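Q: Can you walk me through the pockets and the ligand site here, and show me how each label is earned?

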Amino acid sequence: MKIIVKKDYDSMSKEAAGIVRKEIEKKKDIVLGLATGSTPIGMYKELIRMHKEEGLDFSHVVSFNLDEYIGIDYDNPNSYHYYMKENLFDHINILKENTFIPDGNSDDLEESCRIYDKLIEEKGGIDLQILGIGANGHIGFNEPAEELNYGTSVVDLDDRTIKDNARFFNSIDEVPKKAITMGIGTIMKAKKIILMANGKNKAEAISKLIKGKKITTKLPATLLLLHPDVTVIVDEEAYSLGK
Ligand code: GLP
């Protein structure tokens, strides 16, 4: 696991965008795994800038998002469908038909999970997966538990995640209690992974991850210690307990 510590959020975001850019330039039809949340917004801004000012081309790029809430309208600004349009897709030349996000409004959620994993395989697998991390160590919405799901699955959100994500909603009661997320196996099959974290709220989870002493489903990000190509990019605050 490679660890890159940057001074602040802005330089963390630029570092991550630089790696994404290099990978797109190496393989123009790259399959990206994309994350939502507050962490990757700066990276997406930088990728948009690279597209607009430097011609970074997304016309052959395929993307799969990590997760989506269940039972939220896609025109609700808190849905990850809305988030992706607003923060990336509407500002670059990616083709809509090449962007995939789990369908949290499907009549058959289990079937839609199965189809999602199949589609990722059909597109050749994820080349580069972007991850944030929950304060409780979750990746995607794979919450700390005795057992973790291998493939894309329907999951219950942890109380801490509901509390953390309430800041985006009018009230905590509006935060969905369930989501669809890529499973740990889906994530681990990605050829290359970047995990980003900023701020003090993430320091404890990051310290446990980068100290690298235990692998536990109680801190799902530690499963990444088993992956051969993970780069963790953090700001100084997220790294503050890591040394
Ligand atoms: C969210 C998402 C994750 C994200 C994490 C951290 O709930 N499901 O994919 O990485 O929690 O969010 P944030 O970046 O807002 O701190």
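Q: What volume does the largest pocket have?
A: About 610 Å³. Bear in mind that this is a predicted model.

Q: How do you know that the ligand sits in the largest pocket?
A: The test is that more than half of the ligand's atoms lie within 2 Å of the pocket's grid points. The ligand is assigned to the largest pocket, so it passes that test.

Q: Which residues line the largest pocket nearest its centre?
A: There are 37 lining residues, and Thr-36, Gly-37, Ser-38, Asn-165 and Phe-168 lie nearest the centre. Strand 4 (67–69), helix 3 (80–87) and helix 5 (159–165) each supply at least two residues of that lining. By type, the lining divides into 15 nonpolar, 17 polar and five charged residues.

Q: What makes a residue part of the shell around the ligand?
A: One of its heavy atoms has to lie within 4 Å of the ligand. The shell has 14 residues, with Ser-38, Thr-39, Asp-67, Asn-165 and Lys-202 coming nearest. It splits into four nonpolar, seven polar and three charged.

Q: Why is the pair between Ser-38 and the ligand called a polar contact?
A: The cut-off for a pair of N or O atoms is 3.5 Å. A polar backbone atom of Ser-38 is 2.8 Å from a ligand oxygen, so the pair counts as a polar contact.

Q: What makes His-138 and Asn-165 qualify too?
A: For His-138, a polar side-chain atom lies 2.9 Å from an oxygen atom of the ligand. For Asn-165, an N or O atom in the side chain is 2.9 Å from a ligand oxygen. Both pairs therefore fall within the 3.5 Å limit.

Q: How much of the ligand's accessible area does the protein cover?
A: On its own the ligand has 390 Å² of accessible area, and the protein covers 96% of that.

Q: What lines the second largest pocket?
A: Its lining is His-81, Lys-85, Phe-89, Asp-90, Ile-94, Leu-95, Lys-96, Thr-99, Phe-100 and Ile-101. Helix 3 and strand 5 (99–100) each put in at least two residues. The volume is about 240 Å³, and the lining divides into five nonpolar, two polar and three charged residues.

Q: Why is the pair between Ser-106 and Asp-108 called a polar contact?
A: A polar side-chain atom of Ser-106 lies 2.9 Å from the backbone nitrogen of Asp-108. That is inside the 3.5 Å cut-off, so the label fits.

Q: Where is Ser-106, and how far is it from Gly-71?
A: Ser-106 is in the loop between strand 5 and helix 4 (109–122). Ser-106 and Gly-71 are 35 residues apart in sequence, and their C-alpha atoms are 8.7 Å apart in space.

Conventions:
Residues are numbered from 1 along each chain as its sequence is written. This is a predicted model: local features need pLDDT of at least 70, side-chain atom pairs count only at pLDDT 80 or more; totals for chains, interfaces and linings use all residues. Side-chain values use heavy atoms; hydrogens and water are left out. A polar contact is a pair of N or O atoms within 3.5 Å; within protein, one must be able to donate a hydrogen and the other to accept it, and residues adjacent in sequence count only if both atoms are side-chain atoms. Accessible areas come from the Shrake-Rupley method with a 1.4 Å probe; for residues, only the protein chains shown count as cover. On a 1 Å grid over the protein atoms alone, a cavity is a set of points where a 1.4 Å probe fits but cannot get out, and a pocket is an open set with protein on both sides within 12 Å along at least five of seven lines; lining residues have an atom within 4 Å of a point. Ala, Val, Leu, Ile, Met, Phe, Trp, Tyr, Cys and Pro count as nonpolar, Asp, Glu, Lys and Arg as charged, and the others, Gly among them, as polar. Grid points are joined across faces, edges and corners, and a volume is the space filled by probe spheres set on the points. Helices (H or I, at least four residues) and strands (E, at least two) are DSSP runs, numbered from the N terminus.
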